[in-house]
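Thanks for coming, everyone. Let me put the structure up, and then I'll walk you through it.

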Amino acid sequence: MTPPEPGRLPPAGQPLDDADFGVLDDIRELFEAVDPMPADLPERIRFSLALRDLEIEVARLAEENQLTVAARGKEQARTITFDSDSLTIMIRIDANQDGTVRVDGWLAPPQRRQVEMKTTADPLTAASDAQGRFAFARVPRGTAQVIVHPAEPASGDTRSVVTPALII
Amino acid sequence: MDDSQPVTVRANKPGRAARMADLLSAARAGSEDALGQIVNELSPLLWQVARSAGLSQGDAEDVLQTVWMRLITHLDGIHDAGALTGWLVTTTKRESWRVRAAGRKQLPADQDVFAELPEKGPGSEEQVILEDQRRELWAAIGMLSRRCQELLRIMAFAPRSDYATVAAALGMRVGSIGPTRGRCLAKLRALLADGPERSLA
């Protein structure tokens with residue numbers, strides 16, 4: 001193999017040419033094959049962006065755990081914690097006999113808020129109590145998102161706290 | 001933001017940049033459909049940004065969701081398609097670092113994506129040649145520094161009209177004539193020119 005003449009190689013400081021774009025296209029093709037974005041991800045993202053209210057505070061996924069519930073044999077429960085600037089939302093998801101799931105939630109700091117569970121069917125609503133507890137007895141499986149609506153207008157903050165879409 | 005009407009955008013010349021500009025103004029006016037089209041268009045780029053930062057698949061999915069939700073609260077301040085791509089790339093990098101720093105489910109070093117190219121079954125002769133070229137490219141990229149691998153991987157997914165802003169978001173120097181080939185691409189092309197049979201035409 002003869003080493004290429006020094007002058008033949010494209011110098012770093014020049015604008016991109018067609019051969020560069022060709023190499024970049026090849027790299028894209030390679031990574032599309034090796035590490036493709038999950039095909040259903042854009043759909044989940046679009047689900048999480050379908051919000052009536054644009055004044056939102058984003059709650060990030062902070063922790064997720066699988067729990068084995070001994071009393072129910074193989075049944076698994078999941079706990080998920082989301083953090084935003086003003087609020088921590090923790091939910092626990094348990095399977096119901098009828099194929100739906102039960103979702104128990106806690107808000108910290110504890111407070112009364114309207115909580116919405118957006119699903120691929122109709123949205124469900126619940127209210128948290130003074131201890132910050134709320135519950136949805138039957139939630140259809142699939143994509144879901146928790147939206148904690150603004151507190152009383154008098155409290156000043158008019159933003160909803162919104163979690164990412166999750167698969168339950 | 002309950003506008004469910006499909007958005008009509010200019011389909012052809014001057015092409016993608018104009019289409020993205022139209023989608024951005026429609027999204028800023030509250031069109032869910034326009035925002036959804038932007039999500040479809042730019043998520044593959046952001047996926048590579050998150051993954052090249054070393055996140056697991058699950059963490060990368062979480063980061064992308066967070067970034068797009070945060071965009072909603074920033075849309076008012078973003079006035080052109082280039083700035084949109086730049087904001088998304090920068091925010092994805094920051095969110096990825098944040099997740100890495102939190103130490104959640106980090107990708108062990110031996111699960112590096114460069115470990116092995118997936119094996120494909122035997123195919124037509126054309127397929128075999130394609131596979132050889134792909135392997136050569138893979139091997140050449142693997143010889144670059146981590147920083148170069150990351151830059152090229154992300155730039156390869158950047159829309160051409162947004163090269164300058166993506167390059168700037170990645171900390172590359174952008175000259176007055178726009179983004180230059182840069183050290184990484186020059187090195188890769190030198191490696192490929194040294195390789196057994198690849199033509200750079």
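One definition before I start: helices here are DSSP runs of H or I with at least four residues, strands are E runs of at least two, and both are numbered from the N terminus. And a caution: this is a predicted model.

Chain B, then. On that definition it has eight helices and two strands. From the N terminus, the order is α-α-α-α-α-α-α-β-β-α. Chain B has 201 residues, and 39% of them count as buried. Now take its contacts with a separation of 6 or more. Residues 24 or more positions apart account for 64% of those.

Chain A next. Here we have two helices and eleven strands. The pattern along the sequence is α-α-β-β-β-β-β-β-β-β-β-β-β. Of the 168 residues in chain A, 27% are buried. For contacts with a separation of 6 or more, the share from residues 24 or more positions apart is 45%.

Let's go to the interface. How many residues of chain B are in contact with chain A? The count is 49 on chain B, against 41 residues of chain A. Which elements of chain B give two or more residues to that side? They are helix 2 (32-52), helix 3, helix 5 (125-142), helix 6 (146-155), strand 2 (178-179) and helix 8 (182-194). By class, the chain B side has 27 nonpolar, ten polar and twelve charged residues.

One helix pair across the interface deserves a closer look. Helix 2 of chain A, residues 41-49, meets helix 3 of chain B, residues 57-74. Their axes come within 10 Å and cross at roughly 35°. The crossing is right-handed. Who makes the contact? From helix 2 of chain A, look for Leu41(A), Arg44(A), Ile45(A), Ser48(A) and Leu49(A). From helix 3 of chain B, look for Glu61(B), Leu64(B), Gln65(B), Trp68(B), Met69(B) and Ile72(B). That contact divides into seven nonpolar, two polar and two charged residues.

Keep your eye on Leu64(B). Set aside its neighbours within four places in sequence. On chain A, Leu64(B) is in contact with Leu41(A) and Ile45(A). On its own chain, the contacts of Leu64(B) are Ser43(B), Leu46(B), Trp47(B) and Ala50(B).

Leu64(B) also turns up in the core. In general, nonpolar side chains in soluble globular proteins tend to be buried together. The largest nonpolar core here has 79 residues. Which of them touch the most other members? Leu46(B), Ala50(B), Leu64(B), Leu152(B) and Met155(B). Helix 2 of chain B gives the largest share of this core, ten residues.

Over to the strands of chain A. Strand 3, residues 76-83, runs antiparallel to strand 4, residues 88-95, and six bridges join them. These two strands of chain A form a hairpin with four residues in between. Within the pair, Arg78(A) has Ile93(A) as its bridge partner.

Strand 4 of chain A also pairs with strand 5, residues 101-108. Again the run is antiparallel, this time with eight bridges. Ile91(A) has Gly105(A) as its bridge partner there. This hairpin has five residues between the strands, and Gly99(A) takes a positive phi near 95°.

Just along from there, check the peptide bond between Ala108(A) and Pro109(A). It is cis, with omega about -5°. Pro109(A) sits in the loop between strand 5 and strand 6 (114-119) of chain A.

Two loop residues of chain B to finish. First, Pro159(B), in the loop between helix 6 and helix 7 (163-169). Buried or partly exposed? Pro159(B) is partly exposed, because it has 17 other C-beta atoms within 10 Å, and buried would take 20 or more. Beyond four places in sequence, Pro159(B) touches Arg16(B) and Thr85(B). Pro179(B) is 20 residues from Pro159(B) in sequence and 13 Å away in space, C-alpha to C-alpha.

Second, Leu75(B), in the loop between helix 3 and helix 4 (81-101) of chain B. Leu75(B) has 17 C-beta neighbours inside 10 Å, so Leu75(B) counts as partly exposed too. Leaving aside neighbours within four places, Leu75(B) is in contact with Ala27(B) and Arg28(B). Ser25(B) is 50 residues from Leu75(B) along the chain, and their C-alpha atoms are separated by 9.4 Å.

That's the tour. Thank you.

Key. Residues are numbered from 1 along each chain as its sequence is written. Chains are lettered from A and ligands numbered from 1 in the order in which they are written. This is a predicted model: local features need pLDDT of at least 70, side-chain atom pairs count only at pLDDT 80 or more; totals for chains, interfaces and linings use all residues. Axes are lines fitted to C-alpha atoms, for helices over the stretch in contact, and angles run from 0 to 180 degrees between N-to-C directions. A crossing is left-handed if the near helix is turned anticlockwise from the far one by less than a right angle, and right-handed if clockwise. Two residues are in contact if their C-beta atoms, placed from the backbone, lie within 7 Å. Ala, Val, Leu, Ile, Met, Phe, Trp, Tyr, Cys and Pro count as nonpolar, Asp, Glu, Lys and Arg as charged, and the others, Gly among them, as polar. A nonpolar core is a set of buried Ala, Val, Leu, Ile, Met, Phe, Trp, Tyr and Cys residues joined through C-beta atoms within 7 Å. A residue is buried if 20 or more other C-beta atoms lie within 10 Å of its own, exposed if 12 or fewer, and partly exposed in between; C-beta atoms are placed from the backbone. Two strands pair if DSSP finds at least two bridges between them.
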